Amino acid sequence: MLLLKSKYLLKDPYCVINNGAVIIDGGKIKFAGCANDISNHESGQIIDLGNSAIVPGFVNTHTHLDLTHLHNFINYNGDFTDWIRHLVNEKKEWTESEYLSSIRSGIKSSLESGTTTVADISRNGLALEELQKSNIRKTLFYELIDFNPDSAESTIDNFKNMISKVKHNDLLSIGIFPHAPYTVSEELYRRCKTVSGESGLSIATHVSETTDEANFLVRGAGNFVSLLRDFDMLKDWKAPGLKPVNYMKNIGFLENGCILVHCNYLTGEEVDYIEESGSTIVFCPRSHKYFRHKDHPFYKLRNRDINIALGTDSLASNDSLSILDEMKYIYTQHKTSKPQDILYMGTIAGATALKLNNKIGKLEEGYDADIAVIDIKKETIRNIYDGIFSHDSECVLTIVSGTICYDKHGVSREATVN
Ligand SMILES: [Zn+2]
């Protein structure tokens with residue numbers, strides 16, 4: 001049994017308790033509430049965290065951990081397809097051990113920033129072994145790239161073969177991630193959707209990230225045409241003549257919901273389709289800024305019934321793998337956004353997208369004990385959200401399923417025993 005006490009406890013984004021306490025037993029939350037309500041009969045380790053906030057662990061709903069070592073390697077010149085060329089070029093010489101080391105760095109910095117769950121996109125599931133060694137909770141999305149409809153069947157068979165060998169545990173889920181409408185054939189998208197429907201695997205894709213992508217799908221023109229020609233991926237393809245999300249709806253990808261990463265440019269009709277399908281949009285705020293996109297529509301969609309989660313994307317287009325940093329960024333940039341709603345996007349919305357919202361995302365009795373503790377540096381704060389999202393607040397303790405995965409100040413070693 002482990003008892004955490006702190007000045008503030010947020011059981012969920014909207015429920016703040018002063019002088020809070022959480023009891024963890026067998027990896028689950030046994031109690032979350034006011035410290036005064038704890039019975040004297042509880043025995044075990046007690047950690048007093050002082051002027052901090054115990055919050056649900058953060059969910060990074062979109063990242064590429066294998067690119068962690070590409071931080072600051074690629075300069076963005078305003079052309080997304082050039083950025084992709086650089087990315088492919090940088091990775092060309094990497095050995096498998098360089099990839100694995102990059103993945104390990106990504107897992108470490110995720111845990112150090114209070115992220116307890118990652119949705120990681122991985123070519124051929126290369127990250128599986130490193131993620132399995134870590135106690136972080138993960139949905140490992142196998143990334144599929146194949147623009148040739150003739151090989152869609154073999155690409156799917158290969159994927160099925162890979163996941164049939166995966167040893168499952170409570171902290172691991174598997175997902176399928178056809179990369180994007182400019183790298184995945186319609187035939188492969190349809191087959192991915194069928195596999196997801198048959199097996200219940202989460203399914204996600206990058207979509208509507210750039211205006212170039214729409215140009216490619218609507219008119220069959222623009223920079224993606226030359227990119228695909230360079231990679232010898234463009235054969236007898238004809239543009240569907242539809243905007244990206246409209247195209248995804250047309251090929252049945254939105255049916256029964258899915259995870260749509262980015263959605264930076266949406267028409268009103270596309271917003272309707274996303275809402276009707278129950279799909280999640282993943283917004284990657286600082287990657288969005290890096291690529292100099294127009295304002296993301298997330299703040300206009302507040303009155304729509306659309307789940308909007310947060311992702312960091314990779315360090316090739318961001319400065320940290322911290323969802324806390326993403327939330328701080330929104331808090332300072334979008335003054336009209338309610339802080340509770342920002343915290344919701346970084347916790348419950350991600351858990352909902354990954355179909356884990358019955359076990360994580362809140363600190364409720366019976367939920368898995370996935371917890372972040374945020375040290376509040378400011379002595380006086382207007383409200384707790386101001387403290388959590390202040391520029392100098394930091395994660396000091398991360399717990400996943402009751403296991404301490406990060407302890408900045410070694411407080412667990414100094415815990416008192418009752
Ligand atoms: Zn991505």
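This is a tour of a predicted model, stop by stop, with a selection to make at each one.

**Stop 1: the two domains**

Colour residues 2-57 and 362-417 as domain 1, and residues 58-353 as domain 2. Domain 1 is thus assigned in two segments, 2-57 and 362-417. The C-alpha centres of the two domains are 31 Å apart. On the domain 1 side, 31 residues take part in the contact; domain 2 supplies 25 residues.

Now show the surface between them. Domain 1 and domain 2 bury about 2,100 Å² there. Carbon and sulfur atoms account for 69% of that area. Which domain 1 residues lose the most area to domain 2? Select Pro13, Tyr14 and Phe389. Together they make up 30% of what the domain 1 side buries.

**Stop 2: strands S1, S2 and S3**

Stay in the N-terminal segment. Select S1 (residues 2-12) and S2 (residues 15-25). The two run antiparallel and are joined by nine bridges. A hairpin with two residues leads from S1 to S2. For one rung of this ladder, pick tyrosine 8 in the viewer and look across to asparagine 18, its bridge partner in S2.

Move one residue along to asparagine 19, also in S2. Its phi is positive, about 55°, although asparagine 19 is not a glycine. Is this residue buried, partly exposed or exposed? Asparagine 19 has 37% relative accessibility, so it counts as partly exposed.

Add S3 (residues 28-34). S2 and S3 are antiparallel too, with six bridges between them. Valine 22 pairs with alanine 32 of S3. The S2-S3 hairpin has two residues between its strands, and glycine 26 there takes a positive phi near 60°.

**Stop 3: strands S14, S15 and S16**

Jump to the second segment of domain 1, 362-417. Select S14 (residues 371-375) and S15. Five bridges pair them in the antiparallel sense. Isoleucine 371 has isoleucine 399 of S15 as its bridge partner.

Colour S15 (residues 394-400) by accessibility. Six of its seven residues are buried, leaving the strand mostly covered.

Next, add S16 (residues 403-407). S15 and S16 are antiparallel, with four bridges. Valine 400 faces threonine 403 of S16. The hairpin between these strands has two residues in it. Check serine 401 in that turn: its phi is positive, about 50°.

**Stop 4: the zinc ion**

Centre the view on the zinc ion. Which protein atoms are its donors? Show NE2 of His62, His64 and His206, and OD of Asp313. They lie 2.1 to 2.5 Å from the zinc ion. The site is irregular, with angles of 85 to 165° among the four donor atoms. Along the chain, the donors are spaced H-x1-H-x141-H-x106-D.

Trace two of these donors back to their loops. Histidine 64 is in the loop between strand S6 (58-63) and helix H1 (80-91), and aspartate 313 is in the loop between strand S13 (307-310) and helix H11 (323-333), so the pair ties together parts 249 residues apart in sequence. Histidine 64 is buried, at 10% relative accessible area. Aspartate 313 is buried as well, at 6%.

**Stop 5: serine 208**

Select serine 208, in the loop between strand S10 (202-207) and helix H6 (211-219). Its relative accessible area is 2%, which makes it buried. Beyond its neighbours within four places in sequence, serine 208 contacts Glu213, Pro244, Val245, His262, Cys263, Asn264 and Tyr265.

**Stop 6: glycine 350**

Go to helix H13 (residues 348-353) and pick glycine 350. At 0% relative accessibility, glycine 350 is buried. Setting aside residues up to four places away in sequence, it touches Val59, Thr61, Ala309 and Met345. Now draw a C-alpha to C-alpha distance from glycine 350 to asparagine 60. It comes to 6.9 Å, for two residues 290 apart in sequence.

**Stop 7: arginine 292**

End on the loop between helix H10 (285-290) and S13, where arginine 292 lies. Its phi is near 55°, a positive value in a residue other than glycine. Buried or exposed? At 56% relative accessibility, arginine 292 counts as exposed.

Conventions. Residues numbered from 1 in each chain as written. Predicted model: local features only at pLDDT ≥ 70, side-chain atom pairs only at ≥ 80, totals over all residues. Heavy atoms only, no water. Pairing = 2+ DSSP bridges. Donors = N, O, S within 2.8 Å, 3.2 Å for Na, K, Ca; no water. Tetrahedral: all angles 85-135°; square planar, octahedral: opposite > 155°, others 65-115°. Buried < 20%, exposed > 50% of the residue type's maximum accessible area, 1.4 Å probe, protein only. Domains from an automatic or database assignment. Contact = heavy atoms within 4.5 Å. Buried area = accessible area lost by both parts, 1.4 Å probe.
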